[in-house]
Amino acid sequence: MSEAEDSHSTVLVVDDDKPFCAALAGSLRRRGCAAIVAHNFDDAMAEAEAWAPDRAVVDLRMPGRGGLELVAALRKLDPTMAIVVLTGFGSIASAIEAIKLGATYYLTKPAEPDEILRAFERVEPVIVEPPSPHAAKPLDELEWEHLQQVLTDCNGNVSEAARRLGMHRRSLQRKLARGRPNHEPPEAP
């Protein structure tokens, strides 16, 4: 390792999407970080034990043991590690759970490498403000939050979540693949 790399942090990048993981690790390396990649819970823990990174970027949803379990395990391995949870399936429930387990911050994909690096430096607590009781949420957004809460309760196990929701697994997968509903007005030209 060069002196320049020694002076910067070591980041463990964990995502089951291998091309995304490689691209993010490359971007972090170009910004002076040493980046280590892993694609599942077991590989991530082995790399963390071998390299002792001071930062980690963890995907929330992975096959097998999910990102929330990994956050808890990494926090137990090194209580000082800064952990940013990165997910394409963001919800208030999973964000709160990630922060409770020790994540430094929670970002939804797509997130720029500079945004991820800034998230590691956050020192103020993450505050998720509850919606006003007078502001009704659209039904599809309430459904999304409920699906995410049940999925979080099932540790990311889609089959178990579908069983608890009383729906077919493939129906749940289709709803999750659509992503979070967007109710923001379009920008004016």
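**View 1. D59 lies in strand β3 of this predicted model**. The strand covers residues 55-59. UniProt, in an unreviewed entry, lists D59 under "modified residue: 4-aspartylphosphate". D59 counts as buried because its relative accessibility is 5%, and the cut-off for buried is under 20%. Leaving out residues up to four places away in sequence, D59 touches V14, D15 and D16. G67, L86, T87 and K109 are also among the residues that D59 touches.

**View 2. Strand β3 is largely enclosed by the rest of the structure**. Five of the five residues of β3 are buried, so the strand is largely enclosed. R55, V57 and D59 point one way from β3. A56 and V58 point the other way. In a regular strand, side chains alternate between the two faces of the sheet.

**View 3. Strands β1 and β4 both pair with β3**. Strand β1 spans residues 10-14. It runs parallel to β3 and is joined to β3 by four bridges. In this pairing, L12 stands opposite A56 of β3. Strand β4 spans residues 82-87. Five bridges join β4 to β3, and these two strands also run parallel. Here V57 has V84 of β4 as its bridge partner.

**View 4. Helix α4 links into a β-α-β unit with β3 and β4**. The helix comprises residues 67-77. Together, β3, α4 and β4 make a unit that is right-handed. G67, one of the residues touched by D59, falls within the span given for α4, residues 67-77.

**View 5. M81 sits in the loop between α4 and β4**. M81 counts as buried because its relative accessibility is 2%. The C-alpha atoms of M81 and D54 are separated by 4.8 Å. Along the chain, these two residues are 27 residues apart. Setting aside neighbours within four places in sequence, M81 is in contact with P53, D54, R55 and A56. L74 and R75 are also among its contacts. Two of these contact residues, R55 and A56, belong to β3, where R55 points one way and A56 the other.

**View 6. The charged end of R65 sits over the ring of F41**. The charged end lies 3.8 Å from the centre of the ring. As for pairs between aromatic rings, the count comes to zero.

Key:
Residues are numbered from 1 along each chain as its sequence is written. This is a predicted model: local features need pLDDT of at least 70, side-chain atom pairs count only at pLDDT 80 or more; totals for chains, interfaces and linings use all residues. Side-chain values use heavy atoms; hydrogens and water are left out. UniProt positions are given in the numbering used here, feature names are shortened, and annotations may be inferred rather than shown by experiment. Buried means under 20% relative accessible area, exposed over 50%, partly exposed in between (1.4 Å probe, protein chains only). Contact means heavy atoms within 4.5 Å. Rings of Phe, Tyr and Trp (its six-membered ring) pair if their centres lie within 6.5 Å; planes under 30 degrees apart count as stacked, over 60 as edge-to-face and the rest as tilted. A charge sits over a ring if NZ of Lys or CZ of Arg is within 6 Å of the ring centre and within 35 degrees of the ring normal. Two strands pair if DSSP finds at least two bridges between them. A crossover is right-handed if, with the strands pointing away from the viewer, the path from the first strand over the helix to the second runs clockwise.
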